[in-house]
Amino acid sequence: MADVARVAGVSPQTVSRALSGHPSVQEETRAKVLTAVDQLGYRKNNAARMLSSGRSRSIGVVMQQTNSYSRITLMYGIESAAQEAGYSVHTATTVSLDTSAIEDALSRLADQGVEGVILAVPLIHVSRRIEQLTGSMPTVTIDGSRTSATEVVAVDQARVAHLATRHLLDLGHETVWHVAGPRAWLEAASRAQCWRDLLEAEGRTVPPELEGDWSPESGYRNGLILGRIPNVTAVFVASDEMAFGVIRALHELGRRVPGDISVVGVDDIALARYCSPSLTTVAQPFTQMGALAVSHLMRHLADPDATPEPASVEPTLIVRASTAPAGRGDA
């Protein structure tokens, strides 16, 4: 700071004000300071700034270790919105959804001095420690789970399942099979329950629920089962990546998509339109969800006493070539 002040011909106090964006500093003076900064290769010390201001200008994200396209897109939305708000992002990943693993991730972020946290994992069980940690720093969850202190930003998962199942029934299919996500994920459980409720309300047979783990491999394994059941004509798959695996298995078994079996996925990741055939899916706006979670967190940081209000993001059905009317034999 002293070196910058000397080169710029101003006081160290003026340097401090210029770099912090203080309104009392004239633009000409600020330009001199920034020029001196460039000449000297000066970099702001964020650790020192945190000590002096008590603020880290950082937020944390708790996420399960994964290479899922949807999670990557979600992180893009979070990081872009955080950067725009002048915040950095620290990520703490978990290898499981156990309560102890989530406690550890939250503790690591708290130790790093983050000002708030986005929980991108489901809270299956809320322990006293999780309550303490989420109560000590503003927290937003994005999958519908919550503690007494968290704010929720989520996609309406019942609506996701309704759009997919209703689309297949409206095409004339007698019933719809379902490849669900892991039961530990609240969004997967919500989709499966709505799928079941809709079939029952329509007086349709409810087939046995199959379970995957969000991976294409698990979709492939379930596709090998579905492809060997003669009366399967429609399948609602809980993620696009699992749907890719299902379609691959059906192709290998000689079952045509959609001529023999129509397939609907969930997420609308970038690869969905390039699947063969292109995948009908229910779009979840992950980038928007990430940005909305950051927006809610910023609002909470600005007004800690505000009452948390849940926010729901609307999914959209994207109809492509993987679905067709029941009994169509030319596809």
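Me: What makes β9 and β10 count as paired strands, and are they parallel or antiparallel?

Reply: Keep in mind that this is a predicted model. Four bridges join β9 to β10, and pairing asks for at least two bridges, so the two strands qualify. They run parallel. One place to look is Asp267, which stands opposite Ala283 in β10.

Me: How do you know that β8 and β9 pair too, and in which sense?

Reply: Three bridges link β8 and β9, and the cut-off is at least two, so they count as a pair. The sense is parallel. Ala234 has Ser262 of β9 as its bridge partner.

Me: What about β10 and β12: parallel or antiparallel?

Reply: Antiparallel, over three bridges. Within that pair, Thr281 has Ile318 of β12 as its bridge partner.

Me: Why is the pairing in this sheet called mixed?

Reply: Strands of a sheet can pair either parallel or antiparallel, through backbone hydrogen bonds. Here β9 and β10 run parallel, while β10 and β12 are antiparallel. The six strands form an open sheet in the order β7-β6-β8-β9-β10-β12, with mixed pairing.

Me: Which strands sit at the edges, and what makes them edge strands?

Reply: β7 (210-211) and β12 (316-318), as each of them pairs on one side only.

Me: Which helices pack on this sheet?

Reply: Helix α8 (157-170) touches β8, β9, β10 and β12, and its direction makes about 165° with that of β8. Helix α11 (240-252) lies across β6, β8, β9 and β10 and runs at about 160° to β9.

Me: Why can you say that β9 is largely enclosed?

Reply: Six of its six residues are buried, so the rest of the structure largely encloses β9. For β10, Thr280 and Val282 point one way and Thr281 and Ala283 the other, all of them buried. That fits the usual pattern: in a regular strand the side chains alternate between the two faces of the sheet.

Me: Why is Trp214 called buried, while Asp268 is called something else?

Reply: Buried means under 20% relative accessible area. Trp214 has 19%, so it counts as buried. Asp268 has 23%, which is not under 20% and not over 50%, so it is partly exposed.

Me: And Ser239: buried or exposed?

Reply: Buried, because its 3% relative accessibility is under the 20% cut-off. Ser239 lies in the loop between β8 and α11. Leaving out residues up to four places away in sequence, Ser239 touches Trp214, Gly265, Val266 and Asp267.

Me: What is notable about the backbone of Trp214 and Asp268?

Reply: Each has a positive phi in a residue other than glycine: near 80° for Trp214 and near 60° for Asp268. Trp214 is in the loop between β7 and α10, Asp268 in the loop between β9 and β10.

Me: How do you know that the bonds leading into Pro258 and Pro277 are cis or trans?

Reply: Look at omega. The bond from Val257 to Pro258 is cis, with omega near 5°, and the bond from Ser276 to Pro277 is cis, with omega near 0°. Pro258 lies between α11 and β9, and Pro277 between β9 and β10.

Me: What makes up the lining of the largest pocket?

Reply: There are 22 lining residues, with Thr66, Ser68, Arg71, Asp213 and Trp214 nearest the centre. By class the lining has seven nonpolar, nine polar and six charged residues. Helices α5 (69-84) and α9 (186-201) each supply at least two of them, and the pocket holds about 390 Å³ of space.

How values were computed. Residues are numbered from 1 along each chain as its sequence is written. This is a predicted model: local features need pLDDT of at least 70, side-chain atom pairs count only at pLDDT 80 or more; totals for chains, interfaces and linings use all residues. Side-chain values use heavy atoms; hydrogens and water are left out. On a 1 Å grid over the protein atoms alone, a cavity is a set of points where a 1.4 Å probe fits but cannot get out, and a pocket is an open set with protein on both sides within 12 Å along at least five of seven lines; lining residues have an atom within 4 Å of a point. Grid points are joined across faces, edges and corners, and a volume is the space filled by probe spheres set on the points. Ala, Val, Leu, Ile, Met, Phe, Trp, Tyr, Cys and Pro count as nonpolar, Asp, Glu, Lys and Arg as charged, and the others, Gly among them, as polar. Contact means heavy atoms within 4.5 Å. Axes are lines fitted to C-alpha atoms, for helices over the stretch in contact, and angles run from 0 to 180 degrees between N-to-C directions. Buried means under 20% relative accessible area, exposed over 50%, partly exposed in between (1.4 Å probe, protein chains only).
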